[in-house]
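Colleague: I would like a close look at one part of this model, with attention to how its charged side chains are paired. Please take it slowly, and add whatever bears on the cysteines as well.

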Amino acid sequence: MLEKLREKNPSLDILPVEAPEFGVYGMVHEGVAVPQMKAFVQAHGTQDAEELYIPCEDKLMEMEESRVFKENLFGQVNCQIGYYHGRAVKLNAVEYHKCSEVLVLFEPAVLVLGSVWEIKNHKLDSSVMKLFYVPADTCVELYATTLHFSPLMATGRGVSQVVAQAAGTNTPLVTKREERIQTDRYLLERNKWVLAHGEYVKSLGEGAYEGIIGDNITLSPLD
């Protein structure tokens with residue numbers, strides 16, 4: 001599938017997630033299988049919306065399979081397990097957290113990734129971003145320093161995934177944002193700093209920061 005994606009997107013340099021270059025951004029966790037979670041997530045999609053994200057889902061948290069996140073991947077500290085459905089084909093924005101984000105992707109997808117140190121003068125040039133193809137049923141950890149956003153769909157089926165993070169991440173702010181330090185301008189939700197492309201900033205709502213310059217990287221998925 002990767003070769004077909006490359007053929008359809010000749011202007012994009014798409015690397016396999018197994019490539020050494022991915023090591024700057026995260027790691028692949030072999031042997032993580034969550035069939036019950038997969039069945040739940042795929043049964044709770046939506047046909048009406050382009051995107052659905054639930055930061056923490058009690059049913060997933062209660063499953064026996066949740067132990068691999070709670071006890072292993074997050075080392076017995078509080079985490080949340082939620083899920084995502086999407087049909088993104090554009091970069092649109094980047095975000096980062098003060099924790100790793102662990103994904104189990106149930107469809108093939110392309111991750112568009114960068115590093116926080118590539119933000120210069122509160123702007124990110126999209127040309128520094130790297131693209132990685134992730135096969136279906138792969139568990140990927142993205143480090144706290146990794147800029148990322150919605151996975152791009154590799155096929156017309158879209159993307160569904162489990163998303164695990166530190167508890168409270170990607171939920172509404174508890175108190176009103178006060179810009180005491182410079183990076184506060186990116187803080188959109190709890191533990192969620194976001195820079196948006198001009199094409200997408202209005203979609204993120206009030207308070208979103210327009211910080212991406214350059215092309216809004218776009219992937220043409222396979223049929």
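Colleague: With which residue does Glu71 form a salt bridge, and how far apart are the closest N and O atoms?

Modeller: Bearing in mind that this is a predicted model, the partner of Glu71 is Arg67, and the closest N and O atoms of this salt bridge are 3.3 Å apart. Both residues belong to helix H4, which covers residues 67-73, and because they are four residues apart there, about one helical turn separates them. In general terms, side chains of opposite charge can pair when their charged atoms come close.

Arg67 has a further partner in Glu64, and in that salt bridge the closest N and O atoms lie 3.0 Å apart. Glu64, Arg67 and Glu71 are thus linked in a network of salt bridges, with Arg67 taking part in the pairing with Glu64 as well as in the pairing with Glu71. As for the surroundings of these side chains, Glu64 counts as exposed because its relative accessibility is 53%, a value that lies over the 50% cut-off for that class. Arg67, with a relative accessible area of 42%, is partly exposed, and Glu71, at 38% relative accessibility, also counts as partly exposed.

To set this network in context, a search of the whole structure finds nine salt bridges. Among them is the one between Arg177 and Glu179, whose closest N and O atoms are 3.7 Å apart, a distance that still falls within the 4 Å required for a salt bridge. Here Arg177 is partly exposed, its relative accessible area being 24%, whereas Glu179 counts as exposed at 53% relative accessibility.

Turning to the cysteines, the structure holds zero disulfides. Cys56 is accordingly in no disulfide, and the nearest cysteine sulfur, which belongs to Cys79, is 8.3 Å away, while a disulfide would need the two sulfur atoms to be within 2.5 Å. Cys56 counts as partly exposed, with a relative accessibility of 36%. For Cys99 the closest cysteine sulfur is again in Cys79, and because the distance between the two sulfurs is 9.7 Å, they are too far apart for a bond. Cys99 is buried, because its relative accessible area is 13%, which is under the 20% cut-off.

To return to the part you asked about, the picture is of Arg67 joined by salt bridges to Glu64 and Glu71 in one network, with Arg67 and Glu71 placed about one helical turn apart in helix H4.

Methods: Residues are numbered from 1 along each chain as its sequence is written. This is a predicted model: local features need pLDDT of at least 70, side-chain atom pairs count only at pLDDT 80 or more; totals for chains, interfaces and linings use all residues. Side-chain values use heavy atoms; hydrogens and water are left out. A salt bridge is a side-chain nitrogen of Lys or Arg within 4 Å of a carboxyl oxygen of Asp or Glu. Buried means under 20% relative accessible area, exposed over 50%, partly exposed in between (1.4 Å probe, protein chains only). Helices (H or I, at least four residues) and strands (E, at least two) are DSSP runs, numbered from the N terminus.
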